[in-house]
Amino acid sequence: MKASDVTTMTQDELTDELAKLKKEQFNLRFQRATGQLENTARVRQVRRDIARIKTISRQKAAKAEA
């Protein structure tokens with residue numbers, strides 16, 4: 001997911017996407033623990049997407065307050 005894609009989302013869409021990514025992260029952790037994880041790079045990608053969404057969400061919230 002690119003930052004430009006995230007910046008065009010509304011706050012509700014960001015919240016939904018964050019919830020989806022957190023669920024995926026949870027499932028990936030279980031797959032890694034049981035030895036079923038095939039795409040290990042996806043763990044890093046999901047973690048960075050979560051951080052990207054949180055950052056842009058905070059920026060939008062700060063801009064709305066100002």
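In helix α3 of this predicted model, the buried residues are V43, V46, D49, I50, I53, I56 and S57. The helix that carries them runs from residue 41 to residue 65. Its 25 residues reach 37 Å from the first C-alpha to the last, close to the 36 Å expected at 1.5 Å a residue. The cover over the buried residues of α3 includes two other helices, namely α1, residues 3–7, and α2, residues 11–34.

One member of the buried set, S57, may be examined individually. This serine belongs to α3, and its relative accessible area is 17%. Because burial is defined as a relative accessible area under 20%, S57 counts as buried at 17%. When residues up to four places away in sequence are set aside, S57 touches Q11 and L14. L14 is itself listed among the buried residues of α2.

The second helix to consider is α2. Its 24 residues extend over 35 Å between the first and last C-alpha atoms, close to an expected 34 Å at 1.5 Å a residue. Buried in α2 are L14, E17, L18, L21 and L28, and these buried residues pack against α1 and α3.

Within that list, E17 deserves separate attention. This glutamate is located in helix α2. What is its relative accessible area? The value is 15%, so E17 is classed as buried. Leaving out residues up to four places away in sequence, E17 is in contact with M1, M9 and I53. Of these partners, I53 appears among the buried residues of α3. The contact between E17 and I53 may thus be read alongside the statement that the buried residues of α2 pack against α1 and α3.

Attention now turns to the connection that follows α2. Just after this helix, G35 adopts a positive phi of about 80°. Farther along the chain, N39 is placed in the loop between α2 and α3. Is N39 buried, partly exposed or exposed? With a relative accessibility of 46%, N39 counts as partly exposed, because that class covers values between the 20% limit for buried residues and the 50% limit for exposed ones.

A final distance relates this loop position to a residue farther along the sequence. N39 and A62 are 23 residues apart along the chain, and their C-alpha atoms are separated by 36 Å. A62 falls within the range of residues 41–65 that forms α3, whereas N39 belongs to the loop between α2 and α3.

Terms used. Residues numbered from 1 in each chain as written. Predicted model: local features only at pLDDT ≥ 70, side-chain atom pairs only at ≥ 80, totals over all residues. Heavy atoms only, no water. Helix = DSSP H or I, 4+ residues; strand = E, 2+ residues; numbered from the N terminus. Expected span 1.5 Å × (residues − 1). Buried < 20%, exposed > 50% of the residue type's maximum accessible area, 1.4 Å probe, protein only. Contact = heavy atoms within 4.5 Å.
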